[in-house]
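Open the model in a viewer and keep the sequence panel beside it. The stops below give a selection to make and say what is found there.

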Amino acid sequence: MNYNRMIISTMAVLTLLSSCNGGQSKGNDSALNLVVGTYGHNLYELSFNPDGSFGPMKAIPAENPSFVIKDGDQLYYAVSENDPYSGVYSFRDSRMTAFQDNADFCPCHLLLLDGTIYTADYGRGSISAFPVLDGVVQAKSAVIQFNGSGPDQVRQTHSYIHQLRVIPEEIKEQLSLKGEWVLASDLGDDSIHVLSKDGADATLEDCPELIITLEDGTGPRHMEFDSRRNMLYCISELGGMVYSIAVASDNGRPCFTLVQSLKADLVDAGGSADIHLHPSGKFLYTSHRLENDGIAVFKVLNDGTLERASYRNTGIHPRNFQITPDGQFLLVACRDSRCIQAFRIDQEDGSLSESPVSTLNFESDQPVCIAF
């Protein structure tokens with residue numbers, strides 16, 4: 001894909017979108033700066049205020065910038081989930097600086113590690129590497145291919161890599177793990193691949209002997225780490241299960257033990273999506289789509305296992321969500337309702353407010369990712 005083939009609107013413009021509070025910024029210096037990825041024609045910058053209100057939004061033209069990450073205040077990277085013209089964007093100071101082709105690979109997630117962007121390629125069941133130079137993404141340099149499959153003959157015909165997560169520094173230090181370790185959830189193969197990177201200039205390499213195998217047909221999608229308890233949590237899209245996995249060390253290499261399987265999607269809709277831990281470490285949240293759309297709340301016990309606590313319905317198709325660093329609000333991107341809802345979090349039991357504190361509505365683009 002090149003710039004001439006991109007369907008892009010005019011230069012980025014300041015766009016005020018409606019919200020229940022009018023979308024007006026309160027001018028508070030402690031407001032969070034957010035970036036929102038969409039299925040549509042724009043990436044958005046905005047603010048979220050301590051009182052739960054949203055500030056004005058600025059649109060940055062891009063095609064289906066579905067998953068976005070921030071590197072500081074002014075550098076962003078996003079996948080363009082736009083097959084057959086998919087790729088990777090880099091942005092600086094509210095403008096696109098580069099687009100690199102990843103056609104037909106359908107990247108749906110990305111990770112920045114040691115000066116390289118790695119994409120989770122849902123369409124090809126692979127991981128692609130894109131070097132970054134001075135904040136600008138460069139042409140693809142490598143691909144790691146996986147070749148699994150599962151029992152679902154429609155949704156597991158081959159490997160589908162959905163997310164990449166790095167084992168946090170806190171866990172590495174506690175367990176004396178050497179080098180960097182990247183986990184890749186494979187919805188098609190019912191597994192989580194474990195990859196190693198020994199040094200900033202080293203290549204990322206698959207370690208098949210360390211693979212985490214889950215139940216057949218479960219379809220692992222997104223993961224979350226708990227550095228307090230050295231735990232890994234994974235939500236499965238197809239099976240609607242949340243898995244609690246203990247992380248340990250074996251001669252400087254990670255090893256994993258499944259300690260709990262708990263049903264998160266009680267209606268078996270096959271659309272579980274995202275998972276995040278509350279900053280306090282006391283609660284875990286998962287999002288669910290297709291039926292009974294909403295957020296499940298779990299209490300995290302001292303041993304790292306989970307206990308179901310509550311459930312809150314949201315707008316339609318809650319894909320990605322985030323919890324504010326102070327733990328006061330949960331913001332959920334509801335794709336098919338074309339809105340972001342902000343729920344207040346009860347600090348005692350982790351439950352979400354009965355209704356959103358505020359709702360930010362989009363005119364056409366569908367919000368699917370929120371990055372702080």
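In which strand is Ser 47 found? Select residues 42-48: this is strand S3, and Ser 47 is part of it. The model is a predicted one. Because its relative accessibility is 12%, under the 20% cut-off, Ser 47 counts as buried. Now add Met 57 to the selection, ten residues from Ser 47 along the chain. The C-alpha atoms of the two residues are 7.5 Å apart.

**The whole chain**

Zoom out and colour by secondary structure. The protein chain has 31 strands and one helix. Along the principal axes, its C-alpha atoms fill a box of roughly 55 × 50 × 40 Å. The radius of gyration is 20 Å, which agrees with the value near 21 Å that a compact globule of 372 residues would have. Of the 372 residues, 58% are buried.

**Strands S23 and S24**

Select 272-277, which is strand S23. Is S23 mostly covered or mostly open? S23 is mostly covered, with six of its six residues buried. Extend the selection to residues 283-288, strand S24, which pairs with S23 in the antiparallel sense over four bridges. One place to look is Ser 272, whose bridge partner in S24 is His 288. Between the two strands of this hairpin lie five residues, and Gly 281 takes a positive phi near 80°.

**The sheet that begins with S27**

Next select strand S27, residues 318-323. S27 belongs to an open sheet of four strands in the order S27-S28-S29-S30, paired antiparallel. S27 and strand S30 (358-361) are the edge strands, each pairing on one side only. From one strand to the next, the twist averages 20°. Add residues 329-334 to show strand S28, which runs antiparallel to S27 and is joined to it by four bridges. Pro 318 has Cys 334 in S28 as its bridge partner.

**The largest pocket**

Turn on a surface or pocket display. The largest pocket has a volume of about 930 Å³. Several strands give two or more residues to its lining: S5 (68-71), S9, S14 (161-166), S19, S23, S27 and S31 (366-371). Which strand gives the most to this lining? S9 does, with five residues. To centre the view, select Gln 163, Arg 165, Glu 224, His 276 and Gln 322, which lie nearest the centre of the pocket among its 34 lining residues. By class, the lining has 19 nonpolar, nine polar and six charged residues.

**The largest cavity**

Last, look for enclosed space. How many cavities of 30 Å³ or more are there? The count comes to one, and the space in the largest cavity is about 60 Å³. To see its lining, select Phe 67, Cys 108, His 109, His 162, Arg 221, His 222, Arg 319, Asn 320 and Val 368. Strands S9 (107-113), S19 (220-226) and S27 (318-323) each supply at least two residues of this lining. Three of the lining residues are nonpolar, four are polar and two are charged.

To finish, show S9, S19 and S27 together: each gives at least two residues to the lining of the largest cavity, and each also gives two or more to the lining of the largest pocket.

How values were computed. Residues are numbered from 1 along each chain as its sequence is written. This is a predicted model: local features need pLDDT of at least 70, side-chain atom pairs count only at pLDDT 80 or more; totals for chains, interfaces and linings use all residues. Side-chain values use heavy atoms; hydrogens and water are left out. On a 1 Å grid over the protein atoms alone, a cavity is a set of points where a 1.4 Å probe fits but cannot get out, and a pocket is an open set with protein on both sides within 12 Å along at least five of seven lines; lining residues have an atom within 4 Å of a point. Grid points are joined across faces, edges and corners, and a volume is the space filled by probe spheres set on the points. Ala, Val, Leu, Ile, Met, Phe, Trp, Tyr, Cys and Pro count as nonpolar, Asp, Glu, Lys and Arg as charged, and the others, Gly among them, as polar. Two strands pair if DSSP finds at least two bridges between them. Axes are lines fitted to C-alpha atoms, for helices over the stretch in contact, and angles run from 0 to 180 degrees between N-to-C directions. The radius of gyration is taken over C-alpha atoms; the globule rule is 2.2 Å times the number of residues to the power 0.38. Buried means under 20% relative accessible area, exposed over 50%, partly exposed in between (1.4 Å probe, protein chains only).
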